[in-house]
Structures are given as C-alpha cells and as structure tokens.
Amino acid sequence: MALVVHCRDVGFDCDGVVKADSEQELLQLVAAHAAEAHGLQEVTDDVVLKVKSVVREDE
Ligand SMILES: [Zn+2]
C-alpha cells in the first residue's frame, strides 16, 4: 500500500501525483516536485500540514 498526494489537493493547479511508501519519503518527493514544477523555494510547516491533510492511501 502506498501513500498518494494529488498536487491539486495541496492547492496547486497541477495534475501531478506523488506516491511513496512512507510519509517521510512522500514529503521529500512532494518537496522535490514543488520545487521543480512550482518554484517553491521552501516547504514550510503550513505546506507539510496541508500535504498531510490531503494524503490518501493507494489501494
Ligand atoms: Zn504539482
């Protein structure tokens, strides 16, 4: 079972989907995606909380 975050749910107008096996890995991948695709310089606590609130479990 994997954890999934849909970028759109975090608030970006983006069809990106990030999947990982752990929350820690997920946050790293989201940070990398946000930096690369959205120019986000820094993942703030607010962003981390937002990501955690929209994370889903992939079946
Ligand atoms: Zn995105």
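## Contacts and overall dimensions

In this predicted model, 43% of the contacts in the protein chain with a separation of 6 or more are made by residues 24 or more positions apart. Taken along the principal axes, the C-alpha atoms of the protein chain fill a box of roughly 30 × 20 × 15 Å.

The radius of gyration of the protein chain is 10 Å, which agrees with the value near 10 Å that a compact globule of 59 residues would have. Of these 59 residues, 17% count as buried.

## Secondary structure

The protein chain contains three helices and three strands. Along the sequence they follow the pattern β-α-β-α-α-β. Helix 1 covers residues 7-10, and helix 2 covers residues 23-38. Strand 1 covers residues 2-6, strand 2 covers 17-20 and strand 3 covers 56-58.

## The sheet

The three strands form an open sheet in the order 2-1-3, and their pairing is antiparallel. Strand 2 and strand 3 are the edge strands, each pairing on one side only. On average, neighbouring strands of this sheet are turned by 35 degrees against each other, direction ignored.

Helix 2 packs on the sheet, where it touches strand 1 and strand 2. The direction of helix 2 makes about 150 degrees with that of strand 2.

The pairing of strand 1 with strand 3 is antiparallel and runs over three bridges. In one bridge to strand 3, Val4 has Arg56 as its partner.

## The nonpolar core

The largest nonpolar core consists of 10 residues: Leu3, Val5, Cys7, Val10, Val18, Leu26, Leu27, Val30, Ala34 and Val51. Strand 1, helix 1 and helix 2 are the elements that give two or more residues to this core. Helix 2 gives the most, with four residues.

Val30 is one of the residues of this core. Leaving aside residues up to four places away in sequence, Val30 touches Val5, Val18 and Val51. These three contact partners are also listed among the core residues.

## Summary

The predicted model has an open antiparallel sheet of three strands, with helix 2 packed on the sheet against strand 1 and strand 2. Helix 2 is also the element that gives the most residues to the largest nonpolar core.

Methods: Residues are numbered from 1 along each chain as its sequence is written. This is a predicted model: local features need pLDDT of at least 70, side-chain atom pairs count only at pLDDT 80 or more; totals for chains, interfaces and linings use all residues. Two strands pair if DSSP finds at least two bridges between them. Axes are lines fitted to C-alpha atoms, for helices over the stretch in contact, and angles run from 0 to 180 degrees between N-to-C directions. Two residues are in contact if their C-beta atoms, placed from the backbone, lie within 7 Å. A nonpolar core is a set of buried Ala, Val, Leu, Ile, Met, Phe, Trp, Tyr and Cys residues joined through C-beta atoms within 7 Å. A residue is buried if 20 or more other C-beta atoms lie within 10 Å of its own, exposed if 12 or fewer, and partly exposed in between; C-beta atoms are placed from the backbone. The radius of gyration is taken over C-alpha atoms; the globule rule is 2.2 Å times the number of residues to the power 0.38.
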